[in-house]
Amino acid sequence: MKRLTPYLLALPSWMWLAIFLVVPMAAMASVSLQTGNAIDGFAMTFSVSNYTDAISRYSTQFLRSLLYGGLATVAMLIIGYPVAYWIAFKGGTRKSVYLFLLLLPFFVSFVLRTISWGFLLADDGVLFGPLKSWGLLAPEFHVLATTFAVVGGLTYNFLPFMILPIYVALERVDPRVIEAAYDLYATRLSAFRRVVLPLSLPGVFAGVLMTFVPATADPVNAQILGGTANTMIGNIIQTEYLTNLNYPTASALSFTLMAVLLVGIFIYARALGTENVLEAVAQ
Amino acid sequence: MDRSLNPALLRGMTQARTRRDAFRIAGLSAAGLALAACGVQGKKAEAPKTDAVKDFWAKQTKHGRVVFANWPEYMPEDQAPLKKFQQATGISYQYKEVINENAEFFGKLDPVLRAGQSIGYDIVVMTNGIQLQHMIELGYATPLDHSKMPNFLANAGDKYKERSYDPGNVYTMPYTSGVTGIAYNTKYVEDDIKSIGSLFDPKYKGRVGMMNDAQEIANFGMFALGLDPEKSTENDWKQAGEKLKAQRDAGIVRKYYDQSYIDAVSKGDVWISMAWSGDVFQRQLAGEPVKFVVPEEGGTIWTDNMLIPKNAANPVDAITLMDYLYQPAVAAELDEFIQYVTPVPAVQDLLREKATKATGEGKKSLEQMVESPLMFPSEAEYAKLRTYVKLSTAQEQVFNPIFQSITQA
């Protein structure tokens with residue numbers, strides 16, 4: 001009995017995983033190989049062509065999503081690292097206040113915040129209206145309905161998920177190792193490059209993981225802030241599921257997206273030399 | 001970063017890695033796959049037999065409660081018509097504004113009804129279009145008992161009793177109708193817009209809004225080409241697709257909108273856009289510089305319909321409420337708020353009467369409503385209006401990609 005105890009204790013979480021992850025995934029995998037339509041029903045035909053058709057039809061949106069996700073992740077890294085650094089090392093006693101301020105906007109719903117950007121950045125809105133009437137901007141200048149708006153929206157919406165893991169990693173850097181670097185005649189730059197940065201890499205890794213994946217799959221920003229050529233793969237999957245009731249194509253697209261992201265993550269994990277992907281995320 | 005400086009990186013690059021996790025996941029998925037290998041059942045329904053319908057209704061009783069799922073801004077905020085209904089019939093109601101889009105709503109309820117469960121609403125409202133057609137085809141709509149709808153039979157306009165998508169009023173009663181036309185912001189557009197051609201005019205490059213709904217945009221592509229959408233064929237759709245693609249590629253379209261188009265027009269992000277009549281009228285009354293026009297080439301008329309979903313808990317209460325809304329006084333009160341086209345023609349006279357008694361601002365807006373072609377279209381205006389083409393499942397699989405490849409490029 002005693003030997004079984006740990007397994008019994010783990011049973012609820014395994015059941016949870018089985019019911020809410022494995023079963024739906026298996027069902028989706030099955031649907032992705034079926035053919036038919038929502039009215040007459042779908043039958044299992046093991047048609048791998050669902051995948052090839054879906055990928056060739058939507059390759060543009062696929063590549064675009066990866067590009068936007070990548071651009072947003074880089075932007076978040078450039079913005080987020082200094083913020084995390086500043087809070088961790090210069091925040092002093094008010095660290096928790098800064099972290100709270102950082103999270104404050106995120107108490108409002110994701111979609112609402114994105115819609116508010118639509119109002120702020122309106123062509124003749126609160127921001128650009130005055131600038132245009134003073135002649136500082138051309139009348140046809142606009143940010144909404146551009147790639148910039150979509151990538152900017154993604155960057156904004158997922159930024160805390162980049163900052164927080166980096167902050168945690170930096171926070172755990174022992175000040176004494178930095179002192180030791182200075183004792184060994186390191187300049188400020190090389191102390192950062194050879195001590196602080198490597199120690200913060202697990203945080204960077206986790207941050208990239210937690211932002212690149214959702215940013216690539218996100219349909220909301222493209223829909224609200226994008227224009228005529230900003231459709232991302234998330235929008236396509238949504239349309240295939242809900243509008244076209246084309247469950248096989250939608251499932252095939254979801255699986256392909258998942259596979260592409262997983263492969264990307266493992267390559268990235270290997271390149272960054274992190275011992276274990278999951279361990280890094282857990283941090 | 002410079003790899004030669006970081007031993008941790010080097011180690012990571014060269015270290016062997018266990019593949020056990022990957023195999024474990026693969027094994028589990030394979031097992032699940034074997035379990036789930038059977039297909040998703042189709043549910044195509046036969047036409048209802050008269051006897052079966054009679055039997056169904058004979059077994060139903062009044063329960064004293066009803067749950068009504070509707071679109072936003074389709075009921076006065078004080079819910080006065082529903083409150084009066086409760087007083088008159090003793091049926092208590094729950095009113096939920098949960099429907100924002102036909103496709104999305106259908107996508108949500110389909111799996112539930114497919115599994116033979118109830119979606120928890122006794123009345124839902126859906127536009128005549130692909131999704132409503134699916135509801136009927138899949139047997140998701142309860143056939144109505146005509147003996148329980150005297151007000152509808154007495155007061156609904158002829159056009160609303162003879163609808164191509166529900167011949168014989170077997171499943172649905174109209175809630176309201178509206179027109180898809182063109183809205184423009186008079187602050188930016190000085191011309192009087194009359195033609196659908198304005199949506200394709202390079203003069204408004206980057207300032208044109210089109211709708212992302214395949215049926216809506218298809219109709220406008222066909223109007224622009226002088227084709228009749230109701231009688232259109234695959235070839236017509238392709239031509240319309242070409243026309244709309246050229247419009248997009250020329251940079252004329254700023255964005256393909258959902259309901260948010262109306263904000264874009266009133267903010268000035270787009271100057272001219274495809275639009276739904278009631279939205280524009282509500283904005284006009286709020287004093288915004290927007291105008292609505294039914295293009296001379298034609299506009300789309302659509303109808304939102306009430307129906308009782310399959311497995312609804314309170315069908316008798318539901319049909320009682322649906323029919324209650326066809327009392328002219330109730331319909332007038334409702335239409336005064338929602339400002340779309342009512343299926344009860346008597347409403348126009350009732351509102352006119354009310355206008356003669358009213359004073360000040362109220363009088364003015366009532367008079368505006370009575371004269372508005374958007375609420376009470378004349379025969380000549382009805383003649384310009386067309387609905388959507390009726391699509392079979394096979395046709396739908398041709399139709400959707402033609403237009404979605406434009407709106408979701």
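What follows is a conversation between a trainee and a mentor about a predicted model with chains A and B.

Trainee: Let's start with confidence. What are the ipTM and pTM of the model?

Mentor: Good place to begin, since this is a predicted model. Chain A averages a pLDDT of 90, with 96% of the residues at 70 or above, and chain B has a mean of 87, with 89% of its residues reaching 70 or more. For the model as a whole, the scores are ipTM 0.86 and pTM 0.84.

Trainee: Which stretches of chain B have pLDDT below 50?

Mentor: Residues 7-26 of chain B are below 50, and this stretch has 11 contacts beyond near neighbours in sequence. Another stretch under 50 has 17 contacts beyond four places in sequence. Where pLDDT is low, the predicted coordinates should not be read in detail. So much for the caution; the stretches are residues 7-26 and residues 28-37 of chain B.

Trainee: And in chain A, where is confidence lowest?

Mentor: At the high end of chain A is helix 3 (residues 59-90), with a mean of 96. The low end has a mean of 51. That is helix 13 (residues 277-282) of chain A.

Trainee: How many helices and strands does chain A have?

Mentor: Take the overall frame of chain A before the count: its C-alpha atoms fill a box of roughly 75 × 75 × 30 Å along the principal axes. Of its 283 residues, 37% are buried. Among its contacts between residues at least 6 apart in sequence, 69% join residues at least 24 apart. The secondary structure of chain A comes to 13 helices and 2 strands.

Trainee: What is the secondary structure of chain B?

Mentor: Chain B has 409 residues, of which 42% are buried. Here 78% of the contacts between residues at least 6 apart in sequence join residues at least 24 apart. The elements of chain B are 18 helices and 10 strands.

Trainee: How many residues does each domain of chain B bring to the contact between them?

Mentor: Chain B is divided into domain 1 (50-177 + 302-368) and domain 2 (180-301 + 384-407), and their centres, taken over C-alpha atoms, are 27 Å apart. On the domain 1 side of chain B, the touching residues divide into 5 nonpolar, 7 polar and 1 charged. The contact takes 13 residues from domain 1 and 16 residues from domain 2 of chain B.

Trainee: Are helix 14 and helix 15 of chain B roughly parallel or roughly perpendicular?

Mentor: Look at helix 14 (residues 328-338) and helix 15 (residues 347-357) of chain B: their axes are 9 Å apart and the packing angle is about 70°. Angles from 65 to 115 degrees count as roughly perpendicular. The two helices of chain B are therefore roughly perpendicular.

Trainee: Which residues of helix 15 of chain B meet helix 14?

Mentor: From helix 14 of chain B come B:Pro328, B:Ala329, B:Ala331, B:Ala332, B:Asp335 and B:Glu336. The residues of this contact divide into 7 nonpolar, no polar and 2 charged. On the helix 15 side they are B:Val347, B:Leu350 and B:Leu351.

Trainee: Is B:Leu351 buried or exposed?

Mentor: B:Leu351 lies in helix 15 of chain B. Leaving aside neighbours within four places in sequence, its contacts are B:Ala332, B:Glu336, B:Leu366, B:Met369 and B:Val370. There are 21 other C-beta atoms within 10 Å of B:Leu351, and the cut-off is 20 or more, so B:Leu351 is buried.

Trainee: How many of the 10 residues of helix 13 of chain B are buried?

Mentor: Helix 13 (residues 315-324) of chain B is largely enclosed by the rest of the structure. Its buried residues are B:Pro315, B:Asp317, B:Ala318, B:Ile319, B:Leu321, B:Met322, B:Asp323 and B:Tyr324. The number of buried residues in helix 13 of chain B is 8.

Trainee: Back to chain A for a backbone detail. What is phi of A:Leu245?

Mentor: A:Leu245 sits in the loop between helix 11 (233-243) and helix 12 (247-272) of chain A. With 21 C-beta neighbours inside 10 Å, A:Leu245 counts as buried. A:Leu245 is a residue other than glycine, yet its phi is positive, near 50°.

Trainee: Is B:Gln79 buried or partly exposed?

Mentor: B:Gln79 is in the loop between strand 1 (65-70) and helix 4 (80-89) of chain B. Its phi is also positive, about 55°, although B:Gln79 is not a glycine. B:Gln79 has 14 C-beta neighbours inside 10 Å, so it counts as partly exposed.

Methods
Residues are numbered from 1 along each chain as its sequence is written. Chains are lettered from A and ligands numbered from 1 in the order in which they are written. This is a predicted model: local features need pLDDT of at least 70, side-chain atom pairs count only at pLDDT 80 or more; totals for chains, interfaces and linings use all residues. pLDDT is the predictor's confidence in each residue, from 0 to 100. Two residues are in contact if their C-beta atoms, placed from the backbone, lie within 7 Å. Domain bounds come from an automatic or database domain assignment. Ala, Val, Leu, Ile, Met, Phe, Trp, Tyr, Cys and Pro count as nonpolar, Asp, Glu, Lys and Arg as charged, and the others, Gly among them, as polar. Helices (H or I, at least four residues) and strands (E, at least two) are DSSP runs, numbered from the N terminus. A residue is buried if 20 or more other C-beta atoms lie within 10 Å of its own, exposed if 12 or fewer, and partly exposed in between; C-beta atoms are placed from the backbone. Axes are lines fitted to C-alpha atoms, for helices over the stretch in contact, and angles run from 0 to 180 degrees between N-to-C directions. Angles under 35 degrees count as roughly parallel, over 145 as roughly antiparallel, 65 to 115 as roughly perpendicular and the rest as oblique.
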